[in-house]
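New to this one? Here is a quick briefing to read alongside the sequence and the model.

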Amino acid sequence: MKQIVLEIEDSAFESFMGMIALCPSVKVVGESSVAEVTSQRDQCMLYAIQTLRANHVFRFGYDYTWVMMAINEGLVDDYDGFRSPQAFLDYLYEIGIEGLPTRFTLFRAYSKTLDSYPNWTFLDMDDASESLRRINVVKQFLSAFGKAKRADCNKSCNK
């Protein structure tokens, strides 16, 4: 027996299910709707997170905390902030990012960080190079997010 996963446009779903009904040896074992990334803001976030992942900027699950904190401190104009680590993780999952850390991982890192960016002080360690790496996670995120915004703006401006 084989299992396959298909992605079908909403407009073709009914026709596809009609074709499946004609094949008695094929059984639909599940179906779900996928939320589409619709806004420019969501697309930029998705691009930025994927870029940081591809460049191995996220070394630890708690590195997502620095992005959340930067957004909550108002470093990204497009966001008002997230009320909790879980809200941030839910948002990332909703726009298509999987393999995320737990809310406890983010909360623990958040609770051990003092001051505001770029002057964060980390209570869980005193290694200057690790502090710089954590701050650079934000710099690289802001760079990737800005690049995505500029690319989208150039696309829409050149139409």
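**Cysteines to start with**

C23 is partly exposed, since its relative accessible area is 35%, a value between the 20% and 50% cut-offs. C44, on the other hand, is buried, with just 2% relative accessible area. Keep in mind that this is a predicted model. As for disulfides, the count comes to zero, where a pair of cysteine sulfur atoms would have to lie within 2.5 Å.

**Helix α3 and its surroundings**

- Helix α3 covers residues 63-72 and is mostly tucked away, with nine of its 10 residues buried.
- If you want to find those buried residues, look for D63, Y64, T65, W66, V67, M68, M69, A70 and I71.
- W66 has a relative accessible area of 1%, so it counts as buried.
- Right after α3 comes G74, which has a positive phi of about 85 degrees.

**Where α3 meets α4**

- Helix α4 runs over residues 85-94, and its axis comes within 11 Å of the α3 axis, the two crossing at roughly 105 degrees.
- That crossing makes α3 roughly perpendicular to α4, because angles of 65 to 115 degrees fall in that class.
- On the α3 side, the contact is made by Y64, V67, M68 and I71, while α4 brings in P85, F88 and L92.
- Sorted by class, this contact has seven nonpolar residues, with no polar and no charged ones.

**Aromatic rings**

- A search of the whole structure turns up 13 aromatic pairs.
- One of them is F58 with Y64, a stacked pair with 4.1 Å from centre to centre and 15 degrees between the planes.
- Both F58 and Y64 are buried.
- Y62 and W66 form an edge-to-face pair, because their ring planes are at 70 degrees, with the centres 6.0 Å apart; the cut-off for that label is over 60 degrees.
- There is also an aromatic cluster made up of F60, Y62, W66, Y117, W120 and F122.

**Backbone oddities**

- Some background first: most residues other than glycine have a negative phi, and most peptide bonds are trans.
- H56 has a positive phi, near 55 degrees, and is not a glycine.
- You'll find H56 in the loop between α2 (40-54) and α3, where it is exposed, with a relative accessible area of 63%.
- D115 is another residue other than glycine with a positive phi, here near 75 degrees.
- D115 sits in the loop between β1 and β2, and at 56% relative accessibility it counts as exposed, because the cut-off for that is over 50%.
- The peptide bond from Y117 to P118 is cis, with omega near 0 degrees.
- P118 belongs to the loop between β1 (113-114) and β2 (121-122).

**A serine in helix α6**

- S131 lies in helix α6, which spans residues 128-157.
- Is S131 buried or exposed? At 19% relative accessibility, S131 counts as buried, because the cut-off is under 20%.
- Leaving aside residues up to four places away in sequence, S131 touches F122 and M125.
- F122 also belongs to the aromatic cluster mentioned above.

Methods:
Residues are numbered from 1 along each chain as its sequence is written. This is a predicted model: local features need pLDDT of at least 70, side-chain atom pairs count only at pLDDT 80 or more; totals for chains, interfaces and linings use all residues. Side-chain values use heavy atoms; hydrogens and water are left out. Buried means under 20% relative accessible area, exposed over 50%, partly exposed in between (1.4 Å probe, protein chains only). Helices (H or I, at least four residues) and strands (E, at least two) are DSSP runs, numbered from the N terminus. Axes are lines fitted to C-alpha atoms, for helices over the stretch in contact, and angles run from 0 to 180 degrees between N-to-C directions. Angles under 35 degrees count as roughly parallel, over 145 as roughly antiparallel, 65 to 115 as roughly perpendicular and the rest as oblique. Contact means heavy atoms within 4.5 Å. Ala, Val, Leu, Ile, Met, Phe, Trp, Tyr, Cys and Pro count as nonpolar, Asp, Glu, Lys and Arg as charged, and the others, Gly among them, as polar. Rings of Phe, Tyr and Trp (its six-membered ring) pair if their centres lie within 6.5 Å; planes under 30 degrees apart count as stacked, over 60 as edge-to-face and the rest as tilted.
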